[in-house]
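Got your viewer open? Let's walk through this one stop by stop, with something to select at each.

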Amino acid sequence: MHTIKRPFHRLAERQFSTNIAAHAELDLKQTLQSVIPKRREQFLNVRKQYGNKPLAQTTVASTLGGMRGSPALYWESSKVDPDKGVTFHGRTIEECQQVLPHSRFDANDPNSEFLPESMFWFLLTGQIPSQAQVDSFSRTIAEQGETPEYILKILDSLPATLHPMSQLSIAITALNNNSGFAKAYEKGVSKYDFWEYAFDDAIDLIAKLPQIIGRIYQNTYHRGISSSNEPLGTIDLEKDWSYNLASALGFNSDTAHSRNIQNFNGQESNDFVNLVRLYCALHGDHEGGNVSSHTTHLVGSALSDPYLSYSAGVQGLAGPLHGLAAQEVVRFILALKEDLKLNDVSALLNNKEVDGSIVEYLWSILKSGRVIPGYGHAVLRKPDPRFDAMLQFGLKRPDTIMNKDVNFQLVHKLSQVAPEVLKQHGKTKNPFPNVDSSSGVLFYHYGLTQTLFFTVIFAGSRALGPLSQLIWDRILGLPIERPKSLDLESIIKRVE
Ligand SMILES: CC(C)(COP(=O)(O)OP(=O)(O)OC[C@H]1O[C@@H](n2cnc3c(N)ncnc32)[C@H](O)[C@@H]1OP(=O)(O)O)[C@@H](O)C(=O)NCCC(=O)NCCS
């Protein structure tokens, strides 16, 4: 039976935060605890000092148009600037790549990527963790990674035809049987202590995602595998979250822990794990206004537990206007390749004739009233730095990706020719590639060809930012969200 741990008392917390300063290596919860007093004070000061100041005047267009530009949400961990793209606690992607720890096993690999665990630590605390702190956090997550039998049984009972995102949200919703937050609330704990239970739930949820995601993949695309005797993706306690996710998918050459369904050699396996690390770290947070983040925050504001809140966010991510763009790009690239018969990488390099036929192809898409997938952005006005980081992943691997994979070559080539076409077309406010241009083809390259599944991995990564904000929502005691709605008559009355 789940036991409710007694949380730190508020007074104890204040004493604790001064005592722990003497210790070198705090764990994640202690680090969070050490930053709470200052941030809580800042928050209360801002609310007290500026509470009555107008922040912005909204327009009718905004109210009728998806609340675009309306600064209605508080979100601390990341910001999206039209020119710089996303920054995490003020740091660019490049800076994060330089300072956030990698797996300790990859210390000498120049092509390794920093860990999503490091990103979660940073998003939650605003502090850069040490290597030892991240190692120990990865271990904690791995130790909590075993998914309860009843969740696996639920997943195994679902039809393989059920959308993988529906399967994911069912599993996460059902996992709220684990929720210490829900149990504590029912017992009537003090609201000042809510955050600790939210923290424990968030870690538990993140820890269980690799096996849940892996099981959905196996059941949907490799039905019957669960009845074989080979391991389905057991958790390696020594390894990081992405490594265990790759194992759970069956995309790992470590056959002691995984089925090797792609017949990867060690290098391919290592590269795929690094792709998962990079993708998940970069997709973890993108301000609070996007549908999945905002939904998690909104549902959580009703004090629904973290499992229910995040499963609601996942359902928003399943919408074609949010999480499905990467799959659209892959389909577009495959169609482009087939229509123009571009099957040879060497024919693509420095070939002005091919460039010309691609430009013509893009114009034919635009003239038929369709969009070029992977280009444009609602906020950004420069190339998406997440696109650049994912592109670099392929450019750094010339022998296996850049000079070998036609799909990747086409993504690269499009990024050189499409912006000019879109500029001449003159409609899109941002003619540059967004992150979805490059991510899907990289998964495709490693054999994850079921494009519908990209969104499930996206959902796994999107746990990082929204759950870290949800913990802060409880720390700061944010109230239930209840914006005012207006009918057209009231709108007219207010503005005339
Ligand atoms: C991302 C996207 C939805 C942003 O929408 P937005 O904020 O309304 O974009 P804009 O303000 O630049 O749109 C202005 C016009 O340019 C067009 N436009 C935008 N991106 C375009 C693209 N990639 N190809 C062709 N036309 C595009 C829009 O359709 C719109 O045309 P309209 O005035 O006839 O309605 C949009 O750029 C798009 O549809 N891109 C392609 C799909 C995609 O990559 N989605 C992933 C998003 S991360």
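At roughly what angle do the axes of helix α9 (residues 180-187) and α10 cross, and within what distance do they come? Before you check, keep in mind that this is a predicted model. Now select α9 and α10: their axes cross at roughly 155 degrees and come within 8 Å. The cut-off for calling a pair roughly antiparallel is over 145 degrees, so α9 and α10 are roughly antiparallel to each other.

Next, show the side chains where the two meet. From α9, pick G180, F181 and A184; from α10, pick F194, Y197, A198, D200 and D201. Colour this contact of α9 with α10 by class and you'll get five nonpolar residues, one polar and two charged.

Keep α10 (residues 194-221) on screen and add helix α14 (residues 306-317). Here the axes sit 9 Å apart, and the packing angle is about 50 degrees. That makes α10 oblique to α14. To see the contact, select A198, D201, A202 and L205 on α10, then P306, Y307 and Y310 on α14. By class, this contact has six nonpolar residues, one charged and no polar ones. Leave A198 and D201 highlighted for a moment: these α10 residues take part in the contact with α14, and they also meet α9.

Time to zoom out. Colour the chain by its domain assignment: domain 1 covers 141-319 + 450-476, and domain 2 covers 325-445. If you place a marker at the C-alpha centre of each domain, the two markers will be 30 Å apart. Where the domains touch, eight residues of domain 1 are in contact with 13 residues of domain 2. Select helix α12 (residues 266-283) on the domain 1 side, since that's the place to look: α12 supplies five residues, the largest share of the side that touches domain 2. That side of domain 1 divides into six nonpolar residues, one polar and one charged.

Now for the ligand. Which residues come nearest to it? Select A325, V371, G376, T428 and K429, which are the nearest of the 16 residues around the ligand. The shell as a whole is a mix: seven nonpolar, six polar and three charged.

Last stop: a pair of strands. Select strand β1 (residues 78-81) and strand β2 (residues 85-88), which run antiparallel and are joined by four bridges. Together β1 and β2 form a hairpin, with three residues between them. For one pairing to label, click V80, whose bridge partner in β2 is V86.

Note on methods: Residues are numbered from 1 along each chain as its sequence is written. This is a predicted model: local features need pLDDT of at least 70, side-chain atom pairs count only at pLDDT 80 or more; totals for chains, interfaces and linings use all residues. A residue is near a molecule or strand if its C-beta atom, placed from the backbone, lies within 6 Å of it. Ala, Val, Leu, Ile, Met, Phe, Trp, Tyr, Cys and Pro count as nonpolar, Asp, Glu, Lys and Arg as charged, and the others, Gly among them, as polar. Domain bounds come from an automatic or database domain assignment. Two residues are in contact if their C-beta atoms, placed from the backbone, lie within 7 Å. Helices (H or I, at least four residues) and strands (E, at least two) are DSSP runs, numbered from the N terminus. Two strands pair if DSSP finds at least two bridges between them. Axes are lines fitted to C-alpha atoms, for helices over the stretch in contact, and angles run from 0 to 180 degrees between N-to-C directions. Angles under 35 degrees count as roughly parallel, over 145 as roughly antiparallel, 65 to 115 as roughly perpendicular and the rest as oblique.
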